[in-house]
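Reader: Hello! I have just opened this model and would be glad of a friendly tour.

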Amino acid sequence: SATQQTQIKTLLENYAKDAVVIRDGLVAAQESIRRVNLAKLNDSDVSRLSGEAGRLSAAHTAALLNTQRGFYALLDKKQKRAYNKMRSEALEAAAVMNGK
């Protein structure tokens with residue numbers, strides 16, 4: 001419906017905004033890792049850098065899953081059945097392609 005399309009557009013716009021912030025954070029974290037002074041690298045530095053990378057990865061996963069959850073919540077019962085079928089078929093095709 002038109003209402004769903006508007007709501008989905010908003011979901012995708014919000015995800016895009018979040019993704020930019022996360023991507024910029026990942027770029028900065030990767031740059032920090034590349035520039036680290038190996039002669040002075042200690043366990044605290046390793047913990048800090050890996051923690052930041054992990055935090056950003058978790059933020060990306062949360063943004064993606066929350067967007068998918070929001071999309072799914074907008075569907076009516078018939079649309080959910082069709083989406084579930086389509087998703088199941090895509091997962092099966094991917095498993096076949098990966099030899100599973």
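Author: Welcome! A salt bridge here is a side-chain nitrogen of Lys or Arg within 4 Å of a carboxyl oxygen of Asp or Glu. Please keep in mind that this is a predicted model.

Reader: With that rule, how many salt bridges are there?

Author: The rule asks for a nitrogen and a carboxyl oxygen within 4 Å of each other. Applied to this model, it gives a count of seven salt bridges.

Reader: Which side chain meets Arg-34 in a salt bridge?

Author: The partner lies in helix 1, as Arg-34 does, three residues apart from it, or about one turn of the helix. Arg-34 is exposed because its relative accessible area is 57%, over the 50% cut-off. The partner counts as partly exposed, at 27% relative accessibility. The N to O distance is 2.8 Å, and the partner is Glu-31.

Reader: How far apart are the closest N and O atoms of Arg-48 and Asp-45?

Author: Both residues belong to helix 2, and they are three residues apart, so about one helical turn separates them. Arg-48 is exposed at 51%, whereas Asp-45 counts as buried at 19%. Their closest N and O atoms form a salt bridge at 3.6 Å.

Reader: Why does Asp-45 count as buried?

Author: Buried means under 20% relative accessible area. Asp-45 falls under that cut-off, because its relative accessibility is 19%.

Reader: Which residue forms a salt bridge with Arg-55?

Author: Arg-55 is partly exposed, with a relative accessible area of 47%. Its partner is also in helix 2, three residues apart, which means about one helical turn between them. That partner counts as partly exposed at 31%. The closest N and O atoms are 2.8 Å apart, and the partner is Glu-52.

Reader: Which residues do salt bridges with shared partners join into one network?

Author: We have already met the pair Arg-34 and Glu-31, whose side chains meet in a salt bridge. Shared partners bring in one further name, and the network is made of Glu-31, Arg-34 and Arg-35.

Reader: Are helix 1 and helix 2 roughly parallel or roughly antiparallel?

Author: Their axes come within 10 Å and cross at roughly 170°. Angles over 145 degrees count as roughly antiparallel, so helix 1 and helix 2 are roughly antiparallel.

Reader: How do the residues of the contact of helix 1 with helix 2 divide?

Author: This is the contact between the two helices whose axes come within 10 Å. Its residues divide into 15 nonpolar, seven polar and two charged.

Reader: How far apart in space are Ile-33 and Leu-49?

Author: Ile-33 lies in helix 1 and counts as partly exposed, at 42% relative accessibility. In sequence, Ile-33 and Leu-49 are 16 residues apart. In space, their C-alpha to C-alpha distance is 7.0 Å.

Reader: And how far apart in space are Val-21 and Leu-56?

Author: Val-21 also has its place in helix 1, and it is exposed with a relative accessible area of 59%. Val-21 and Leu-56 are 35 residues apart in sequence. From C-alpha to C-alpha, they are 9.5 Å apart.

Reader: Where is Leu-41?

Author: Leu-41 counts as partly exposed, at 32% relative accessibility. Its place is in the loop between helix 1 (2–35) and helix 2 (43–74).

Reader: Which residues make the nonpolar surface patch?

Author: Leu-41, partly exposed at 32%, is one of them. The patch covers about 270 Å², and its residues are Leu-38, Leu-41 and Val-46.

Key: Residues are numbered from 1 along each chain as its sequence is written. This is a predicted model: local features need pLDDT of at least 70, side-chain atom pairs count only at pLDDT 80 or more; totals for chains, interfaces and linings use all residues. Side-chain values use heavy atoms; hydrogens and water are left out. Patches are made of residues with over 30% relative accessible area and no salt bridge: like charges are joined within 9 Å, nonpolar side chains (Val, Leu, Ile, Met, Phe, Trp, Tyr) within 5 Å. Accessible areas come from the Shrake-Rupley method with a 1.4 Å probe; for residues, only the protein chains shown count as cover. Helices (H or I, at least four residues) and strands (E, at least two) are DSSP runs, numbered from the N terminus. Buried means under 20% relative accessible area, exposed over 50%, partly exposed in between (1.4 Å probe, protein chains only). Axes are lines fitted to C-alpha atoms, for helices over the stretch in contact, and angles run from 0 to 180 degrees between N-to-C directions. Angles under 35 degrees count as roughly parallel, over 145 as roughly antiparallel, 65 to 115 as roughly perpendicular and the rest as oblique. Ala, Val, Leu, Ile, Met, Phe, Trp, Tyr, Cys and Pro count as nonpolar, Asp, Glu, Lys and Arg as charged, and the others, Gly among them, as polar.
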